[in-house]
Each structure stands twice: as C-alpha cells, then as structure tokens.
Amino acid sequence: EEYINLNLGRRPIDLDTIGMGWVNDLLLNLVMRPISNHLFKETESMDDLDWRQGYIAGYSVDPQAKTGTPRHQLVSHTDDSEVTLNICVGDQFEGGLLRFYGLRGTKEEGQLVGEFEPVIGTALIHAGRHLHEVTTVESGDRYAYVVWARSWNGVRAQTCPCCWLNRRKGEECICGKRWN
C-alpha cells in the first residue's frame with residue numbers, strides 16, 4: 001500500500017525512467033557481459049554486449065485487484081535482445097513458471113526443453129532468441145526485474161532488429177532507411 005502510486009506491475013517500469021539506470025549498468029557490466037562471453041560465445045552471433053534496458057514486469061492471479069498486475073501470464077515469445085537476465089523479485093506467489101522451448105532458428109525450436117520455477121531473489125540468464133513463456137499465476141503477484149542486453153556490433157550491425165526477429169531475408173526492410 002505504501003508504494004501504490006508506482007503502479008508496480010500495471011505496466012513495465014523502465015528503471016532508466018525512474019532514475020535507476022545505474023542498476024542496469026552494474027548488472028550489464030558486472031554480471032551479463034562476463035557470463036555471456038562464456039555461456040553464449042558458441043551459440044549466439046554477437047559481439048560484446050553494449051546496450052541494455054531494464055524493467056519490472058508483473059503478473060497476478062487477479063489482474064483487476066487494486067494492487068494486481070494487468071495479466072495472469074505471458075504467451076510464448078522471444079526477446080528483442082541477444083541475452084536476457086530475469087530476476088525474481090517481490091511478493092509471494094504460486095505458478096508463473098518460466099517455460100522454455102528450443103532456440104529460435106534451430107531444429108529444437110518450439111519443442112519444450114524445460115521449466116524454471118522462479119524463487120524470489122534468484123536470477124536466470126538466457127539467450128534472447130530462446131522461445132519462452134510465463135505460465136498462469138495461481139496465487140499472489142509475481143514480479144520480475146528483466147534486463148535485455150544487445151550487441152550493436154553483432155547481428156544488429158547487418159540487419160535491423162525487426163527484420164532479424166521476424167526472419168525477413170532478401171526482402172526490403174519495412175523499418176526505414178536507417179537500417180538499409
């Protein structure tokens with residue numbers, strides 16, 4: 001109730017917008033870059049991570065409640081990042097598992113490869129092209145501090161992010177001259 005004015009979880013809260021971009025910088029430079037250089041150098045076509053965006057997302061058993069969040073779950077998707085860090089923060093909850101499917105662009109794409117049960121205070125790092133979803137929250141409110149990291153000298157130097165995400169090849173970019 002004390003922080004109801006922040007509307008936590010009603011819409012993603014961008015940490016840069018509220019003056020906490022320094023936390024994103026710390027996580028990028030001290031956690032994501034060094035770990036990613038080891039974990040993903042064989043599977044992801046990226047140079048050094050040089051951009052980040054961090055935000056708080058929320059899911060609730062009762063999206064209409066005064067302190068709830070706008071959704072119960074999140075459908076299968078990939079992130080607009082090379083690497084994503086997902087830290088479980090906030091209230092007690094049940095459900096809201098992170099369910100992972102094969103990496104986009106591989107023969108395992110779309111096949112269930114595992115589930116992760118978020119525990120408050122734990123983090124998970126994964127490739128942005130890893131297809132994933134958040135299952136239905138069964139009780140409480142689930143919050144995640146998510147940091148996306150990109151490499152503008154990697155795949156994004158050759159193609160625009162939209163075309164890369166939507167697998168457009170040989171077609172004219174719909175995003176404008178900036179990417180052509």
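Here is a walk through this structure, from its overall layout to its salt bridges, its surface and its inside.

Before we set off, a word on the ground rules: this is a predicted model, with local features needing pLDDT of at least 70 and side-chain atom pairs counting only at pLDDT 80 or more, while totals for chains, interfaces and linings use all residues. Residues are numbered from 1 along each chain as its sequence is written, and side-chain values use heavy atoms, with hydrogens and water left out.

Let's start with the layout. The protein has two helices and 10 strands. Both kinds of element are DSSP runs numbered from the N terminus, with helices being H or I and at least four residues, and strands being E and at least two. Follow the chain along its sequence and you meet them in the order β-α-β-β-β-β-β-β-β-β-β-α. Of the 180 residues, 43% count as buried. Here buried means under 20% relative accessible area, exposed means over 50%, and partly exposed is in between, using a 1.4 Å probe and protein chains only.

Helix 1, which covers residues 21–39, is a good place to look around. Asn 24 sits in this helix, and at 0% relative accessibility Asn 24 counts as buried. Now find Arg 52: along the chain Arg 52 is 28 residues from Asn 24, but their C-alpha atoms are separated by 6.9 Å.

What does Arg 52 form a salt bridge with? The partner is Asp 25, and the closest N and O atoms of the two are 2.6 Å apart. This pair links distant parts of the chain, with Arg 52 in strand 2 (residues 51–60) and Asp 25 in helix 1, 27 residues apart. A salt bridge, by the way, is a side-chain nitrogen of Lys or Arg within 4 Å of a carboxyl oxygen of Asp or Glu. Arg 52 counts as buried, at 13% relative accessibility, whereas Asp 25 is partly exposed at 33%. Asp 16 joins in too: Asp 16, Asp 25 and Arg 52 are linked in a network of salt bridges.

The structure holds seven salt bridges, and Arg 99 is worth a stop as well. Glu 115 forms a salt bridge with Arg 99, their closest N and O atoms being 2.7 Å apart. Since Glu 115 lies in strand 7 (residues 112–116) and Arg 99 in strand 6 (residues 98–103), the pair ties together parts that are 16 residues apart in sequence. Arg 99 also forms a salt bridge with Glu 133, this time with the closest N and O atoms 3.2 Å apart. That pair links distant parts of the chain, from Arg 99 in strand 6 to Glu 133 in strand 9 (residues 130–134), 34 residues apart. As for cover, Glu 115 is partly exposed at 46% relative accessibility, Arg 99 is partly exposed at 23%, and Glu 133 is buried at 13%.

Two more pairs show how the chain folds back on itself in space. Ser 151 lies in the loop between strand 10 (137–150) and helix 2 (161–165), and Ser 151 is buried at 0% relative accessibility. Ser 151 and Leu 49 are 102 residues apart in sequence, yet 4.4 Å apart in space, C-alpha to C-alpha. Ala 127, in strand 8 (residues 123–127), is buried at 4% relative accessibility. From Ala 127 to Leu 39, 88 residues apart along the chain, the C-alpha atoms are separated by 9.3 Å.

Back on the surface, Ile 18, Met 20, Trp 22, Leu 26 and Leu 30 form a nonpolar patch, with about 520 Å² of accessible area together. Leu 26 is found in helix 1 and counts as partly exposed at 40% relative accessibility. Patches take residues with over 30% relative accessible area and no salt bridge, joining like charges within 9 Å and nonpolar side chains (Val, Leu, Ile, Met, Phe, Trp, Tyr) within 5 Å. Accessible areas come from the Shrake-Rupley method with a 1.4 Å probe, and for residues only the protein chains shown count as cover.

Last, the inside. A cavity is a set of points, on a 1 Å grid over the protein atoms alone, where a 1.4 Å probe fits but cannot get out, and lining residues have an atom within 4 Å of a point. Among the residues lining the largest cavity are Asn 86, Phe 116 and Arg 142. Strand 4 (residues 83–89) gives the most to this lining, with three residues.

Methods
1 Å grid on protein atoms, 1.4 Å probe; cavity = no way out; pocket = protein on both sides within 12 Å on 5 of 7 lines; lining within 4 Å.
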